Every structure is written in C-alpha cells, then in structure tokens.
Amino acid sequence: FCIETLTRVDVLCLDKTGTLTEGTMKVEDLIVLEEQVPAEEIIGNILHSLQDDNATFMAMKEHFTEYQNYHAVHTIPFSSARKYSGVSFEGKGTYIMGAYEFMFPKEDSFLRQKIDMHTSKGIRVLVLAHSPAMASGTDLPEGLKACAIILLSDVIRSDAKDTLRYFAERDVRLMVISGDNPATVANIARKAGLNGADSYVDATKLKSKKELQEAVDKYQVFGRVTPEQKKEIVLALKKAGHTVAMTGDGVNDVLA
C-alpha cells in the first residue's frame, strides 16, 4: 500500500532530524559570553535536574560532566513548541537553554551576529541564558541574559544523497520542514543533496495562513516550524492540488 500510494505523490516533505540525519548530535564547542560564568558547572547541574531524552540533550550528557551542587526548585522540560528547557535553582535564579529566537523575541544584534556566523556553516546553536527571577510554569522568566552558546552538529545519514536523488529524478518535489534554525537546516539539506536548499524561510515570521500558503509555493526549506505549522504546510500543499507525503521520526511530525 505504501509503494502504491507513493507512486501518486508529487511532493515529499521531510523532517531533518532522524530523516536526513541519523538523529544523533555531537557537541562541538562551548563559547562563554560572560566572564566569570561557570558555564560547564551550570550546564552540568541543568543536565542532572532535567529528564529530557531528545538527541540534543543526550549529546550534551555525553559531552559535559553532570554536577549536583545546585538545588533545583522548579524545572521546565523541553518541548518542540517552546524550543527551550530550564531550571530554577535555589539562590541562583533560573537558567534557560534553547533556541535564540524563542528565548529572545526582542532582537539582540550582537548575539544574533554571533549565532548566524555558526548556523551559516550548518552548526546548531543553543543559548544558555540566566535570569535572577525564579520561573513558574513553563513561561520564560523576566530579565533573561545570554551567558554562553553551545555548538552542536548533526550526523547526516550515509544514504541521504541517494534517496533525495531518487525522488528528484522522478520529478517529486522535496521539501524539508524542521523545528531547527532555518540556516542550519538549509546547510544540512545542501550537504544531503537537496536541490534548492538555499531557498529557505523562518516559519516564526509566517503569521497568517495566507503567508504560509505563499511561502509553500516559494521555499524548499522551512525552519523553526511548530508541529501545528507542519500540519498547516501539508494542508496548504494539498489545497494547491498536490498529493503530499510527510516523513519524520518524532512526535512533532505526527500531526503532519
């Protein structure tokens, strides 16, 4: 049934992590932005306090030493919609770790420039930020300030190029829809052999269904996509008369 259905598909949407890539990550570097900040100790305590089990978290657990000298009083588990996780520690405020765009809605040009320098090379960047306030619920605390950035890389699947070439030769349009930074996703898609990988967009900038519909006709790579937007992209393609398939390995791909 899958093969029979696939012969009718003219657009194939792909998730990045676990589809183009192996789903494993590797920490490349830690860059401390604020002097005197014990970044490795902070990260070690965060890793000890959270129960996340995604590829990014596991790569960090493998790279950094776990510490347990801070007392956690509140935790924010990672969510693919929020794109961050964090811990409030007694007497130390809150440390949040995640995607820059979701943690700093007001543009920080210095931080943005530093991040873009790495994402343009296909590196995934996580920001470690601190607030003196204690968090409640899952909302970001007031007064967040970046204190370090963590650089991670994806491992591309060995068969990705052959697979993408196979579909391209059969006139199937390929699109990559991912929750990660659009420049990072585009770079990985390029390395995996996706035609038109330089045509990418940040889905956080698409505020209406009309904008989404227009973007679907224009771009090949979508980054910073929420699970709900993944579904909307597929629906927009179907509305335009396409027969669409979506593949991905995560719970955030299920709706699409």
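Start by selecting helices H9 and H10, which are roughly perpendicular to each other (the term covers angles of 65 to 115 degrees, while under 35 is roughly parallel, over 145 roughly antiparallel and the rest oblique). What you have open is a predicted model, in which local features need pLDDT of at least 70 and side-chain atom pairs count only at pLDDT 80 or more, while totals for chains, interfaces and linings use all residues. Residues are numbered from 1 along each chain as its sequence is written, and side-chain values use heavy atoms, without hydrogens or water.

**Stop 1: H9 and H10**

H9 covers residues 209–218 and H10 covers residues 227–239. Both are DSSP runs, numbered from the N terminus (helices are H or I of at least four residues, strands E of at least two). The two helices pack at an angle of about 70°, and their axes are 9 Å apart. Each axis is a line fitted to C-alpha atoms, for helices over the stretch in contact, and angles run from 0 to 180 degrees between N-to-C directions.

Now show the side chains of Lys-209, Leu-212, Gln-213 and Val-216 in H9. They meet Glu-232, Ile-233, Ala-236, Leu-237 and Lys-239 in H10, where contact means heavy atoms within 4.5 Å.

**Stop 2: Arg-224**

Move to the loop between S10 and H10, where Arg-224 lies. Arg-224 has a positive phi of about 55°, although it is not a glycine. Most residues other than glycine have a negative phi. Is Arg-224 buried or exposed? Arg-224 counts as buried, at 5% relative accessibility (buried is under 20% relative accessible area, exposed over 50%, partly exposed in between, with a 1.4 Å probe and protein chains only).

**Stop 3: strand S8**

Select residues 173–177, which form S8. Five of the five residues are buried, so S8 is largely enclosed by the rest of the structure. Arg-173, Met-175 and Ile-177 point one way from the strand, and Leu-174 and Val-176 point the other way.

Add strand S1, residues 11–14, which pairs with S8 in the parallel sense over four bridges (pairing needs at least two DSSP bridges). Val-11 stands opposite Arg-173. Then add strand S10, residues 221–223, which runs parallel to S8 and is joined to S8 by two bridges. Here Phe-222 is the bridge partner of Ile-177.

**Stop 4: the six-stranded sheet**

Next, show the open antiparallel sheet, whose six strands follow the order S2-S7-S6-S5-S4-S3. At its edges are S2 (21–32) and S3 (72–76), each pairing on one side only. On average, neighbouring strands of this sheet are turned by 20° against each other, direction ignored.

Within the sheet, select S5 (residues 93–98) and S6 (residues 124–131), which run antiparallel and are joined by five bridges. Met-97 stands opposite Leu-128 in S6.

Add helix H3, residues 39–49, which lies across S2, S3, S4, S5, S6 and S7 and runs at about 100° to S4.

**Stop 5: Gln-36**

Gln-36 sits in the loop between S2 and H3. Its phi is positive, about 70°, although Gln-36 is not a glycine. Gln-36 is exposed, with a relative accessible area of 75%.

**Stop 6: Leu-152**

End in strand S7, where Leu-152 is found. Leu-152 is buried, with a relative accessible area of 0%. Which residues is Leu-152 in contact with, leaving aside its neighbours within four places in sequence? Among them are Met-25, Val-27, Ala-59, Met-60, Ile-123 and Leu-126. Finally, select His-118: Leu-152 and His-118 are 34 residues apart in sequence and 9.8 Å apart in space, C-alpha to C-alpha.
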